[in-house]
Amino acid sequence: MGVPSDDVVLIQRGKSPEEPSIVTVNCPDKTGLGCDICRIILDFGLYITKGDISTDGIWCYVVLWVVPHSSSLIVKWSSLKNRLQSECPSCLTSFYLNEQSTSSSSSPVYLLKFFCVDRRGLLNDVTQVLCELELAIQRVKVTTTPDGRVMDLFFISDNRVLLHTKERQNETLEQLHAVLGQSCITCELQLAGPEYERHQGITSLSPATAEELFRCELSDREIHSQALSPDMTKLKQATVMVDNSLSPAHTLLQIHCADHKGLLYDIMRTLKDFNIQISYGRFLPTTKGYRDLDLFIQQKDGKKILDLEKQSALCSRLKVEMLHPLRVITVNRGPDTELLVANPVELSGEGRPLVFYDVTLALKTLGICIFSAEIGRHSASDREWEVYSFLLDESCSRFQLSNMVARNQIVDRVRRTLMGW
């Protein structure tokens, strides 16, 4: 019968804006549940200050202390609770318990298409509205015309699984019209058709660009650009230790690394992809910008990780994810400058939340206009990647985009925004 839904997720709000709120998840266990929880918390713009997780392989108990990444963020706590409940095995049949939906739990993809007069920061403003509405961006195709107008195609799904209702559609269109204002010429929302499949891949990646973007080690150019950002040098100091002597049934994984936004998600995503079960884990508070984690883990068959090759593969992958979980480079695309951002996709097909929002926010802050934008998937290095392509408009930028110093500054600002520094 499971447990009452009100007991699956409990949220104790902090008494002040500075005091962390406590999120407790108490439900049947499944491999990758920690990853799913961390992804949702990241999607709501929250940062995990510390946490504990324990499971006997059947039942899981997770306690996380969270604070907003931004002091201006208004957290929808009831929506967060419902989203977390939807991921718990005892609640898989009901996604939004307070808003019953006759649709299936798998949200279909919709096409949001609008044509408007372009302006600086437009993409970020639209993306912020979609995030606030809990609409997930799956693909994007943005094109600017010579007369200064822009055609935007957003392929979106609804985390609340309500976009099939007229009320939810009207709410979405009304909020978009509010942010677009008089610049909006047309705005339409409909179920996506065959055009969604045509926008699955990224069109602008040459073999040389793909090699630079997806390589495991930082390129010389990236290392050089890190001199602009002292925080980036700390990433090289990540350590992962494996110890099989402390527990008769579990392998101890000890991690020490620089903290960044989504760090726990990156670690949990990697363990999920390796089919690793966390029996007990403790995420210690950040000390001088560094994070320590102790994780007692098992393989899916319930055994310790004794094979040295498996240990090495797991440690290597974790170090890569902590070294640079998001790839950011600039390349020449004809006479123009293209900004490329990539992040690995979970084996389950889920992508990292809020990347498009963070990149467009960084460019908006720098005063750089976006001539065109695209989101697609690309397979490389035996993995699937989500790739974000932005063709930058030099005509409205204070940066000389052909200058390598200026490009490094753009890459640095985008990377810092993505990493939460």
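Lys50 lies over the face of Trp65, 4.5 Å from the ring centre. A second such placement involves Arg383, which lies over the face of Trp385 at 5.3 Å from the ring centre. Both come from a predicted model.

| Charged residue | Ring | Distance to ring centre |
|---|---|---|
| Lys50 | Trp65 | 4.5 Å |
| Arg383 | Trp385 | 5.3 Å |

**The chain overall**

The chain holds 13 helices and 16 strands. It has 421 residues, and 53% of them count as buried. Take the contacts with a separation of 6 or more: 70% of these link residues 24 or more positions apart.

**Aromatic pairs**

How many aromatic pairs does a search of the whole structure find? The search gives six. One of them joins Phe356 and Phe390: the ring centres are 5.5 Å apart and the planes meet at 25 degrees, so the pair is stacked. The cut-off for stacked is under 30 degrees. Phe356 sits in helix α12 (residues 355-366) and Phe390 in strand β16 (residues 383-393), so the pair ties together parts that are 34 residues apart in sequence. Phe356 and Phe390 are both buried. They also belong to one aromatic cluster with Phe114, Phe154 and Tyr388.

**Helix α4**

Helix α4 covers residues 122-132. Eight of its 11 residues are buried, so the helix is largely enclosed by the rest of the structure. The buried residues are Leu122, Leu123, Asn124, Asp125, Val126, Thr127, Val129 and Leu130. Which elements do the buried residues of α4 pack against? The strands are β5 (110-117), β6 (135-144), β7 (149-158) and β15 (369-380). The helices are α5 (166-180) and α12. Helix α12 is also the home of Phe356. Just after α4, Glu134 takes a positive phi of about 65 degrees.

**Strands β13, β14 and β16**

Strand β14 (residues 336-344) is mostly covered, with eight of its nine residues buried. It pairs with β13 (residues 327-333) in the antiparallel sense, over seven bridges. Within that pairing, Thr330 stands opposite Leu339 of β14. The two strands form a hairpin with two residues between them. Gly334, in the turn, has a positive phi of about 65 degrees.

β14 also runs antiparallel to β16, and eight bridges join them. Here Thr337 has Leu392 in β16 as its bridge partner. β16 is the strand that carries Phe390 of the stacked pair.

**Helices α11 and α13**

Helix α11 (residues 308-323) has 16 residues. From first C-alpha to last, α11 reaches 22 Å, close to the 22 Å expected at 1.5 Å a residue. At its start, a side-chain oxygen of Asp307 comes to within 2.9 Å of the backbone nitrogen of Glu309. The buried residues of α11 are Gln311, Leu314, Cys315, Leu318, Val320, Glu321, Met322 and Leu323.

Helix α13 (residues 404-419) has 16 residues. At 1.5 Å a residue it should span 22 Å, and its end C-alpha atoms are 22 Å apart, which agrees. Its buried residues include Ala406, Ile410, Val411, Val414, Leu418 and Met419. Polar and charged side chains are on that list too, among them Arg407, Asn408, Asp412, Arg415 and Thr417. Just after α13, Gly420 takes a positive phi of about 75 degrees.

**Two single residues**

Is Thr251 buried or exposed? At 1% relative accessibility, Thr251 counts as buried. The cut-off for buried is under 20%. Thr251 lies in strand β10 (residues 251-258). Its side chain reaches the backbone nitrogen of Ile305 at 2.9 Å. Setting aside residues up to four places away in sequence, Thr251 touches Val242, Asp243, Asn244, Leu295, Phe296, Ile297, Lys304 and Ile305.

Ala192 lies in the loop between β8 (184-191) and α6 (195-198). With 24% relative accessibility, Ala192 counts as partly exposed. Which residues is Ala192 in contact with, leaving aside its neighbours within four places in sequence? They are Val109, Tyr110, Leu111 and Phe155. Ala192 and Val109 are 83 residues apart in sequence, but their C-alpha atoms are 5.8 Å apart in space.

Terms used
Residues are numbered from 1 along each chain as its sequence is written. This is a predicted model: local features need pLDDT of at least 70, side-chain atom pairs count only at pLDDT 80 or more; totals for chains, interfaces and linings use all residues. Side-chain values use heavy atoms; hydrogens and water are left out. Helices (H or I, at least four residues) and strands (E, at least two) are DSSP runs, numbered from the N terminus. The expected span of a helix is 1.5 Å times one less than its number of residues. Buried means under 20% relative accessible area, exposed over 50%, partly exposed in between (1.4 Å probe, protein chains only). A polar contact is a pair of N or O atoms within 3.5 Å; within protein, one must be able to donate a hydrogen and the other to accept it, and residues adjacent in sequence count only if both atoms are side-chain atoms. Rings of Phe, Tyr and Trp (its six-membered ring) pair if their centres lie within 6.5 Å; planes under 30 degrees apart count as stacked, over 60 as edge-to-face and the rest as tilted. A charge sits over a ring if NZ of Lys or CZ of Arg is within 6 Å of the ring centre and within 35 degrees of the ring normal. Contact means heavy atoms within 4.5 Å. Two strands pair if DSSP finds at least two bridges between them.
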